[in-house]
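The following exercises concern an internal cavity and the packing of a helix. Each task is followed by a worked solution.

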Amino acid sequence: MISQWRLRAAFAVRLSEMYGREVPAYTTLVDVSREVNEDVLRTRGADAERLGSIGRVTAERHGAIRVGTPRELAQVARVFGALGMHPVGFYDLREAAASAVPVVSTAFRPVDGAELARNPFRVFTSMLTVADPRFFDAGLRARLATFLDGRELFPPELLALADRAAAERGLPAADAERFLALAVAVFELSKEPVDRAWYRTLERVSAVAADIGGVRGTHINHLTPRVLDIDELYRRMTDRGVEMIDTVQGPPAWRGPDVLLRQTSFRALAESRPMRTEDGDVVRGSLRVRFGEVEARGIALTRAGRAHYDELLGRVDEEASRDPAAARDGIARAVWERHMPGSEEELAARGLAFFTYRPAGRRPRHDGVPPTGIAELVRQGWVRAEPVVYEDFLPRSAAGIFQSNLTGTGMRDDDRQGAAYDADWLSGAIGREVLDPFALYEQQQNASLARVARTLGLTGILG
């Protein structure tokens, strides 16, 4: 039997190879990421691996795909369920984006710590919000629903194998090979001609809507390696003549601990595609929808930490609006220096970030009973604190990446009431619970505290 995590690892590798053939600039991105990681490891030593071993960081990828309907999303969930990946988090990019991005999203990923350590592959998956009248009027909604209902993204054989892998927690070698071949093929760029008039109709609403509902298949929209110094990567990619988007999304580069997620990408490339004209002829055209994203991951923040992060973003927006000529990166860095805790210890003490805890290898030399508070246990050397890596995404950053690669702002009628989508709706649509990332991090932290208490012979809950 090929276990689920090995299926997941093999799928990530094959997807990366396929995407590299289709988008050669992605291979450049992976090569530069590897170079930067090797240089950071040489410079910083063990500290470079504080948020994950170099083996994990080098192998790490997240993909992004887009589908059109709840039925398609439920089928995606079955395919990724075969790989031991669960839907985590609800992201409403309609509200996070200034331009028209009519999608809601979740991320399929492993949730168990051991599974993440083996292979942390994740896929950010967006679904078109066809029911939202701010983007689609009644006539266009009807046409779009008919188009989407008439296509098949995932062949029945693939779905049957996926269900088997999920039920049996793996597949025999021959079936595993067939599953992987079918799954990778689903996300290749289709060679079927695109209906040019229909695509342009949707593109007037949103380039994202056209990419989802204007074609007969789906495809990998981007595949993202992880890098240890995203600012250095940005510089090196630019030096190689690769056109990058204007900024790095997420927290600024600063002197304190890295938190959450920073992302950037090279710009979407014009790719040759066959197009069917209104007269039925097939001609060559081009579409600009796929790009190369890269990410740097930091420490997972608690709900209080995330609220503080959002408050700081608001301060940056306010200061930037008062001084449009000032560089936003500089404003953000100054705000962070003034208001964000400058050390992991302070983040932990203020309950702003998640950590796991383990008894120190060498206990303090002084005699006595260990303190009952986790902060004192760490301070006195009884316990070591290790930051929990942020495994998820930021709606505003995702929307920023999408917007940076759009060909136009599209159309959104804000005089209309938007359709209601939330995590509960999404759970019902795909037939499995969309998990709360904060709850997952908290469980991880609490489990480590319980182990510490048992080891040190402490009673009650450490706090």
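A cavity is a set of points, on a 1 Å grid over the protein atoms alone, where a 1.4 Å probe fits but cannot get out. The model is predicted: local features need pLDDT of at least 70, side-chain atom pairs count only at pLDDT 80 or more, and totals for chains, interfaces and linings use all residues. Residues are numbered from 1 along each chain as its sequence is written, and side-chain values use heavy atoms, without hydrogens and water.

**Exercise 1.** Determine which elements give two or more residues to the lining of the second largest cavity.

*Solution.*
1. Three cavities of 30 Å³ or more are present in the structure.
2. The second largest cavity holds about 50 Å³ of space.
3. Its lining (residues with an atom within 4 Å of a point) consists of His62, Ala64, Phe124, His222, Gln263, Glu293, Phe393, Ala398, Ile401 and Phe402.
4. Strand E2 (61-67) and helix H17 (395-404) are the elements sought; H17 gives the most, with three residues.

**Exercise 2.** Establish where the buried residues of helix H10 lie around the axis.

*Solution.*
1. In H10 (residues 196-205), the buried residues (under 20% relative accessible area, 1.4 Å probe, protein chains only) are Trp198, Tyr199, Thr201, Leu202 and Val205.
2. These residues lie on the same side of H10, because they cover an arc of only 155° around the axis.
3. Their packing partners are helix H7 (138-149), strand E7 (194-195), helix H11 (207-213) and strand E10 (282-297).

Note on methods
Buried < 20%, exposed > 50% of the residue type's maximum accessible area, 1.4 Å probe, protein only. Helix = DSSP H or I, 4+ residues; strand = E, 2+ residues; numbered from the N terminus. Arc of directions from axis to C-beta. Contact = heavy atoms within 4.5 Å. 1 Å grid on protein atoms, 1.4 Å probe; cavity = no way out; pocket = protein on both sides within 12 Å on 5 of 7 lines; lining within 4 Å. Points joined across faces, edges and corners; volume = space filled by probe spheres on them.
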